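User: I have a model open and want to work through its details. Can you take my questions in turn?

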Amino acid sequence: MTIDLRTRYLGLELRSPLVASPSPLTGSLDGLRRLEDAGVGAVVLPSLFEEQLTHDQLELDRLLETTSEHTGEALSYFPDLQDYNTGPWTYLDHISQAKQALTVPVIASLNGVTPGGWVGHAKRMRDAGADAIELNLYTVATDPRTGAAELETRYLDLVADVRAAVSIPVAVKLSPFFTALANFAVRVEQAGADGLVLFNRFYQPDLDLDTLDVVPRLVLSSSDELRLPLRWIAILYGRVGTSLAATTGVHTGLDAAKVLLAGADVAMMTSALLRNGPGHVGVVEGELRAVLAEHDHDSVAQLRGSMSRAHMPDPAGFERANYVRTLKSWSSHTTVSPGQATTDEPVG
Ligand SMILES: Cc1cc2nc3c(=O)[nH]c(=O)nc-3n(C[C@H](O)[C@H](O)[C@H](O)COP(=O)(O)O)c2cc1C
């Protein structure tokens with residue numbers, strides 16, 4: 001059975017729904033080439049952070065102000081600036097080199113939460129050849145004086161600013177921590193987003209009692225974490241007009257098939273590729289084809305969204321009723337697969 005894996009994401013035609021999400025693998029040309037050789041449909045480059053850009057912008061302003069010469073002269077300070085902080089400028093080179101080296105779409109990523117001049121960098125990304133921009137709204141809202149409404153307005157202004165800066169598609173990578181996520185998702189679309197990427201995975205710091213320090217601890221995901229994006233993609237499919245991308249917990253072809261059935265256009269992978277290498281894309285593609293064939297689907301387009309909330313006989317399965325059913329399922333937990341969590345997990 002021939003299976004057509006093609007999909008559309010952000011208006012781009014992709015040969016496969018398997019996309020490499022931002023990671024050190026997509027930060028190197030060698031990694032990108034290996035991902036393309038393994039069959040990836042598109043790549044998202046690592047993020048350029050607001051902090052890097054603001055830093056560079058301040059330095060540029062300082063140089064422009066302190067020189068008495070006209071702009072042409074001032075611009076000759078750029079090489080110094082590059083030595084000072086290679087981040088943003090090297091990033092643009094990485095985009096152009098990636099575009100030259102690959103045939104699949106290259107998506108650049110901006111990571112920030114406050115509106116500001118740094119957003120103008122989206123234009124430079126477009127000029128460097130990016131096919132689309134992913135805007136990652138990664139923040140931990142720790143200030144008790146800042147309420148949800150204020151933060152959401154700030155995010156939406158930012159999405160609108162990036163949207164206004166470029167004509168290429170813009171996807172927004174969200175955190176799952178919104179009180180009214182469905183409402184916010186719709187407003188992100190209204191602010192101009194062409195796609196939603198669900199979800200950011202927060203890295204929780206740990207405490208080191210020997211050094212009495214807070215230490216970063218990066219733990220790669222597992223397939224168990226798929227269920228959060230899975231549920232929300234199923235809920236949002238048909239309610240937003242944007243493309244939908246699943247990120248967090250896609251490790252196997254079965255995982256990818258699930259998010260596509262829920263309504264995703266693409267299944268993004270980072271942890272699985274860091275753990276198994278870029279060639280893992282080929283393994284996941286083989287598994288995905290097998291799952292589709294087993295269920296008599298001959299194309300991604302045909303199966304997409306067929307198990308979304310809107311298409312399920314019992315949509316409550318994605319909602320509150322599911323909570324009660326999940327708690328009740330504890331009594332039959334002995335049926336969990338070998339190697340998975342067993343009896344000693346607290347519930348509730
Ligand atoms: C080492 C590492 C670096 C990452 N860098 C970025 C980044 O620069 N920008 C971004 O939006 N996400 C970044 N991520 C998050 C991933 O793109 C992805 O969304 C997350 O790991 C969840 O997907 P997974 O379960 O497939 O790993 C990074 C993840 C890892 C593990």
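User: This is a predicted model. Are phenylalanine 178 and phenylalanine 184 buried or exposed?

Analyst: The model is indeed predicted. The cut-off for burial is under 20% relative accessible area. Phenylalanine 178 and phenylalanine 184 are both buried.

User: How many aromatic pairs are there in the whole structure?

Analyst: The search covers the whole structure. Rings count as a pair if their centres lie within 6.5 Å. The number of aromatic pairs found is five.

User: Is the pair of phenylalanine 177 and phenylalanine 202 stacked or tilted?

Analyst: The ring centres of phenylalanine 177 and phenylalanine 202 are 5.5 Å apart. Stacked needs planes under 30 degrees apart, and edge-to-face needs over 60. The planes here are at 55 degrees, so the pair is tilted.

User: How many residues apart are phenylalanine 177 and phenylalanine 202?

Analyst: Phenylalanine 177 sits in the loop between strand 7 (170–174) and helix 8 (181–190). Phenylalanine 202 sits in the loop between strand 8 (195–198) and strand 9 (206–208). The pair links distant parts of the chain, and the separation is 25 residues.

User: Is phenylalanine 202 buried or exposed?

Analyst: Its partner phenylalanine 177 has a relative accessible area of 62% and is exposed. Phenylalanine 202 has 15% relative accessibility. Buried means under 20%, so phenylalanine 202 counts as buried.

User: Is the pair of phenylalanine 178 and phenylalanine 184 stacked or tilted?

Analyst: The ring centres of phenylalanine 178 and phenylalanine 184 lie 4.3 Å apart. Their planes are at 15 degrees. Planes under 30 degrees apart count as stacked, so this pair is stacked.

User: Which residues form one aromatic cluster with Phe177?

Analyst: Phe177 was met above in a pair with phenylalanine 202. The cluster also takes in a tyrosine. The residues that join Phe177 are Phe202 and Tyr138.

User: Which residues come nearest to the ligand?

Analyst: There are 20 residues around the ligand. A residue counts if one of its heavy atoms lies within 4 Å. Those that come nearest are Ser47, Asn136, Ser221, Gly249 and Ser271.

User: Which atom of the ligand lies 2.6 Å from a polar side-chain atom of serine 47?

Analyst: An oxygen atom of the ligand is 2.6 Å from a side-chain N or O atom of asparagine 136. An oxygen atom of the ligand is also 2.8 Å from a side-chain N or O atom of threonine 247. For serine 47, the ligand atom is a nitrogen.

User: Which element supplies the largest share of the lining of the second largest pocket?

Analyst: The second largest pocket holds about 740 Å³ of space. It has 32 lining residues, and the closest to its centre are Pro22, Asn136, Lys173, Arg201 and Tyr203. Strand 4 (42–49), helix 2 (50–66), strand 12 (266–269) and helix 11 (271–276) each supply at least two lining residues. The largest share, three residues, comes from strand 4.

User: How many charged residues are in that lining?

Analyst: The lining of the second largest pocket has 14 nonpolar residues. Another 14 are polar. The charged residues number four.

User: Which residue does a cis peptide bond join to leucine 198?

Analyst: Omega of this bond is about 5 degrees. The residue in question lies in the loop between strand 8 and strand 9. It is phenylalanine 199.

User: What is phi of leucine 212?

Analyst: Leucine 212 lies in the loop between strand 9 and strand 10 (213–215). Its relative accessible area is 73%, so leucine 212 is exposed. Phi is positive in this residue other than glycine, near 50 degrees.

Methods
Residues numbered from 1 in each chain as written. Predicted model: local features only at pLDDT ≥ 70, side-chain atom pairs only at ≥ 80, totals over all residues. Heavy atoms only, no water. 1 Å grid on protein atoms, 1.4 Å probe; cavity = no way out; pocket = protein on both sides within 12 Å on 5 of 7 lines; lining within 4 Å. Points joined across faces, edges and corners; volume = space filled by probe spheres on them. Helix = DSSP H or I, 4+ residues; strand = E, 2+ residues; numbered from the N terminus. Nonpolar A, V, L, I, M, F, W, Y, C, P; charged D, E, K, R; others polar. Phe/Tyr/Trp six-rings, centres within 6.5 Å; stacked < 30°, edge-to-face > 60°. Buried < 20%, exposed > 50% of the residue type's maximum accessible area, 1.4 Å probe, protein only. Polar contact = N/O pair within 3.5 Å; in protein donor to acceptor, adjacent residues only side chain to side chain.
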